[in-house]
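Thanks, everyone, for making the time. I would like to walk through one structure, going from its interior out to its charged pairs, and I will keep to what the coordinates support.

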Amino acid sequence: MSQNVPRSEQPDPDSLLGHRALPAFAWTPTWTLFRKEVLRFARVWLQTIAAPLVTTLLYLLVFGHALGGHIHIYPGVSYIAFIVPGLMMMSVLQNAFANSSSSLIQAKVTGNIIFVLLSPLRPTEIFLAMTAASIVRGIAVGLAILLLALLFLHLPLQHPFWVLIFTILGAGGMGALGIVAGLWAEKFDQIAGFQNFLIMPLTFLAGVFYSVQSLPGIWRQLSMVNPFFYIVDGFRYGFFGDADLSVWASLAVALAFFLVSAAAAWRLLASGYKLRP
C-alpha cells in the first residue's frame, strides 16, 4: 500500500548528489572562483603583466621612432601618440582571451576541472567569475601600458567614459571567447593555434598602427568585417575625440560582439560541452 509523503519531507535530489542548496545566484562561490582566477595570473605577473609591457615598448620604439616623423593622421596628434591606444587595446584583447582560455585548458589537461564541476557553481556563476577575471587582467595590462606611455609623451583623455566602456566590452567579449576556445580545445597546441591564427591577426589588423581611411578600397572593406577594429576605433575616440567611424556605430558592434561571445560561452557551459561525458 503506497503512502503519500509530504513534499516538504521528500529528499532534495541535489542533496543526494552532495550539493548544498543554493539560491538562484550565490555571490560567495562566484567570488571565490573570481578571486582564484585573479590570483592565478597575479602570481605570475612577470608573464601576464610585464611581458605585454615589454612587447608594447618594442612596438613603440620600432614603429614610433621609425615612422613618427613621417605619418600624421589626426591634427595635432603625433603618430606615436596615435598608436598608443591601439597598442593598449590590442594587449587588453589578447590578454583577456589568454586568461580564460589558458585557465580552462590547464584545468582540463591536469584534471583540476573536476573540482569546479563538483562545486555548487552554476554555469552563470562560472561564466561571470571567469569573464570578470579576464576583464581585470585586461584592465591591469592596459593601465600598465598607459603608465609606461605617459613617461614619454602627453596623451589626452577627452572622453574617459568611452575608454572604460570599450575596455569592458572588449575584454569581456574576449574573456567569453576564451571560455569557448578553452572548452573546445583538448590540448595546449589547439589554444596556441587559436591565438596565432585567429586572435593575433585580427587584433594586429584592427587599425592599431594605421587609419583604415588610408587603405585601398578592398582592404578598407575587409577591415569593416573585423569586430576588433570597431573596439580599437571606439577606444581611440575616448582619448582624442576623433575616430575613423562614428563612436555609436563602434559601440553597437562592440556590444554585439560581447553579447554573441557571452551567449556562446554560457550555452557551452550550460550544456557541459567537453566537460561531462
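**From the core to the salt bridges**

Let me begin with L87, which, once residues up to four places away in sequence are set aside, touches T56, Y59, L60, I145, V208 and F209. Please keep in mind throughout that this is a predicted model.

L87 is also one of the residues with the most contacts inside the largest nonpolar core, a set of 81 residues in which M174, I179 and F239 are named alongside it. Which helix gives this core its largest share? That is α4, which contributes 16 residues.

Staying with α4, which runs over residues 79-110, we also find I83 there. I83 has a relative accessible area of 0%, and because buried means under 20%, it is classed as buried. Its C-alpha lies 9.8 Å from that of S211, although I83 and S211 are 128 residues apart in sequence.

The surface offers a contrasting view, in that V54, L58, L61 and V62 make a nonpolar patch of about 370 Å². Of these residues, L58 can be placed in helix α3, which covers residues 45-67.

Let me turn next to L183, in helix α7, residues 160-184. Is L183 buried or exposed? With a relative accessibility of 0%, L183 counts as buried, and, again leaving aside residues up to four places away in sequence, it touches L104, K108, L268, L269, Y273, K274 and L275. For one of those contacts, K274, we can put the two separations side by side: L183 and K274 are 91 residues apart in sequence, and their C-alpha atoms are 6.3 Å apart in space.

K274 brings me to the charged pairs, and here a search of the whole structure finds three salt bridges. K274 forms one of them with E186, with 3.3 Å between the closest N and O atoms. K274 lies in the segment after α11 (247-271), whereas E186 lies in the loop between α7 and α8 (188-204), so this pair ties together parts that are 88 residues apart in sequence. As for accessibility, K274 is partly exposed, at a relative accessible area of 34%, while E186, at 54%, counts as exposed.

In the other part of the charged picture, salt bridges that share partners join K36, E37 and R40 into one network. Within that network, the side chains of E37 and K36 meet at 3.0 Å, N to O, and those of R40 and E37 meet at 3.7 Å, again N to O. Why are R40 and E37 separated by about one helical turn? The reason is that they are three residues apart in helix α2, which spans residues 27-42.

The accessibilities in this network deserve a careful word, since E37 is buried, with a relative accessible area of 2%, whereas K36 is partly exposed at 42% and R40 is partly exposed at 23%. In other words, a buried E37 has salt bridges to K36 and to R40.

To draw the threads together, we have gone from a core of 81 residues, through the buried L183 and its contact with K274, to the salt bridge between K274 and E186, and finally to the network of K36, E37 and R40. I am happy to go back to any of these places in the discussion.

How values were computed:
Residues are numbered from 1 along each chain as its sequence is written. This is a predicted model: local features need pLDDT of at least 70, side-chain atom pairs count only at pLDDT 80 or more; totals for chains, interfaces and linings use all residues. Side-chain values use heavy atoms; hydrogens and water are left out. Helices (H or I, at least four residues) and strands (E, at least two) are DSSP runs, numbered from the N terminus. Buried means under 20% relative accessible area, exposed over 50%, partly exposed in between (1.4 Å probe, protein chains only). Patches are made of residues with over 30% relative accessible area and no salt bridge: like charges are joined within 9 Å, nonpolar side chains (Val, Leu, Ile, Met, Phe, Trp, Tyr) within 5 Å. Accessible areas come from the Shrake-Rupley method with a 1.4 Å probe; for residues, only the protein chains shown count as cover. A salt bridge is a side-chain nitrogen of Lys or Arg within 4 Å of a carboxyl oxygen of Asp or Glu. A nonpolar core is a set of buried Ala, Val, Leu, Ile, Met, Phe, Trp, Tyr and Cys residues joined through side-chain atoms within 4.5 Å. Contact means heavy atoms within 4.5 Å.
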